[in-house]
Amino acid sequence: DQPPRLRARRQVRADFPLRQNRTGLCDEAHFPELKTLCQGFIEVGNYAWRGPKESTGFWSTEPRPLGTLDENDGTRSGGAYDYVSRRTAYVMNMRKHSYDKFVTDNDVTRAVNQESFVDTIEIVNGDTIHGFAHYWVSGVWEPGNGLSTSTLQEVEDGPTDFWVWPFDVRLRQDGCIVCPCESAPCDTCQCALDSQSRGCWDDDITTPSDTFDADTTNYPPKQGSWWRGWLQNTRGTANARKNAYGCELGVSGTFQRSSVANQDPVFYLHHAFTFVVVERAMRRQRDYAAKGQGGNHQSPPFYGLDEYFNYGERERECPGNNLYDVSPFNHLVPYTTGQAVGSRHTYEDILRQWNFSKRHYRWVLEGEN
């Protein structure tokens, strides 16, 4: 017998378990505050957003369910942190959603050929080049308790992005949608009891005001910032999402928008591909600017990002995310005169050292790297 429409009864398990002893994984975090955050997440076990919304987790959501389904009888076996899981190309078992998310040559050409490098980055970081691959590779299927008939119909009729991206991350981070795990199956999501009173569905990008990562009171989203646009596309349309699907969510594998997505080996292949697209765009910007071919083509090392970030007194984005802000990284690029070895780089430092004219090639005993 065929399984019910859209019901995934098997979850594919890859034969490479995740590391269970995570002690020591945070030792390379050179700064105490980063190490503390890392340890709280990886070693202590406060998996992302499985605790009080004010104090738990990084910016990503965890795979669901934490325990996964046995291939034969549907019982719970192991957990999503025990091994890599996915149902590649299974996007709600719907042909139009499973086959329309491949990156095409035209998609890459459009990203590379933008006159503005900022526009290139917007395209590459968006759904077409980067985003949907996470869901296509990991798969999206029904939770153990299934989905309502109305939600299934909305998913079938509507665009995939409104269903899986980016609401499952923003609304869960805000504590508006919760996926309790006190009883099996723990992969079924619902509206938080206080979601209405906290302003989850008022389409106001400044509410809720008590979440872990969105301090819109002390750091109001600036006009023209990527952060403001992100909140407008998520919080600003949350009520429409709720009207369409309620608070139901699909289930995804390890490679979804997850804090452990890099445990799936496809992570590195996919992100290397996105870097190649950016590299091609950088070369085009460099060549066209050198030839004086007009338009908005900009020279290295910033490709016009300096003009973007000079908007609003050089603080267009939230602190720590602007060109001239100090990054979490050190020892990533060579230090220059006047810089203390071991200090954190600014993003300006990094881009200057990644300029084509300063790229270095190292030789090791085993051969060329």
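This is a short talk about one predicted protein model, going from the whole chain down to a few single residues.

Okay, hi everyone. Quick housekeeping before we look around. The model is predicted, so local features need pLDDT of at least 70, side-chain atom pairs count only at pLDDT 80 or more, and totals for chains, interfaces and linings use all residues. Residues are numbered from 1 along each chain as its sequence is written, and side-chain values use heavy atoms, with hydrogens and water left out.

Let's start with the whole chain. The protein chain has 13 helices and 10 strands. Those are DSSP runs, numbered from the N terminus: helices are H or I with at least four residues, and strands are E with at least two. Of the 369 residues, 45% are buried. Buried means under 20% relative accessible area, exposed means over 50%, and partly exposed is in between, using a 1.4 Å probe and protein chains only. The chain exposes about 19,400 Å², and carbon and sulfur atoms supply 50% of that. The areas come from the Shrake-Rupley method with a 1.4 Å probe, and for residues only the protein chains shown count as cover.

Now contacts, meaning heavy atoms within 4.5 Å. If you take contacts between residues at least 6 apart in sequence, 63% of them join residues at least 24 apart.

On to helix H11, residues 266-290. How far apart are its end C-alpha atoms? They are 36 Å apart, which agrees with the 36 Å that 25 residues should span at 1.5 Å a residue. The expected span is 1.5 Å times one less than the number of residues.

Plenty of H11 is tucked away: its buried residues include His270, His271, Thr274, Val277 and Val278. Further along, Glu279, Ala281, Met282, Arg284 and Gln285 are buried as well. If you're wondering about spacing, an α-helix has 3.6 residues a turn, so residues three or four places apart point the same way. And what covers the buried residues of H11? The cover includes helix H3 (105-112), helix H4 (117-125) and helix H5 (127-138). After H11 comes Gly292, with a positive phi near 65 degrees.

Let me zoom in on Gln285, which is in H11. Gln285 has a relative accessible area of 2%, so it counts as buried. Leaving out residues up to four places away in sequence, Gln285 touches Gln114, Glu115, Ser116, Phe117, Asn296, His297, Gln298 and Tyr303.

H5, one of those covering helices, is worth a stop too. Of the 12 residues in H5, 10 are buried, so the helix is largely enclosed by the rest of the structure. Among them are Phe132, Tyr135 and Trp136. H5 is followed by Gly139, whose phi is positive, near 85 degrees.

Next, the loop between H11 and H12, where we find Pro301 and Tyr303. For background, most residues other than glycine have a negative phi, and most peptide bonds are trans. The bond from Pro300 to Pro301 is cis, with omega near 10 degrees. Tyr303 has a positive phi, near 55 degrees, and is not a glycine. Is Tyr303 buried or exposed? At 4% relative accessibility, Tyr303 counts as buried.

Those two residues also turn up around a cavity. Searching the whole structure gives 2 cavities of 30 Å³ or more. A cavity is a set of points, on a 1 Å grid over the protein atoms alone, where a 1.4 Å probe fits but cannot get out, and lining residues have an atom within 4 Å of a point. Grid points are joined across faces, edges and corners, and the volume is the space filled by probe spheres set on the points. The second largest cavity holds about 30 Å³. Its lining is Met282, Pro301, Tyr303, Leu351, Trp354 and Asn355.

Last stop: the loop between helix H12 (305-310) and helix H13 (347-353), home of Phe329. Phe329 is partly exposed, at 40% relative accessibility. Its C-alpha atom is 5.4 Å from that of Arg344, though the two are 15 residues apart along the chain. Beyond its neighbours within four places in sequence, Phe329 contacts Ser343, Arg344, His345, Tyr347 and Ile350. His331 is in the loop between H12 and H13 as well, and has a positive phi of about 55 degrees without being a glycine. With a relative accessible area of 49%, His331 is partly exposed.

That's my tour, thanks!

Key: On a 1 Å grid over the protein atoms alone, a cavity is a set of points where a 1.4 Å probe fits but cannot get out, and a pocket is an open set with protein on both sides within 12 Å along at least five of seven lines; lining residues have an atom within 4 Å of a point.
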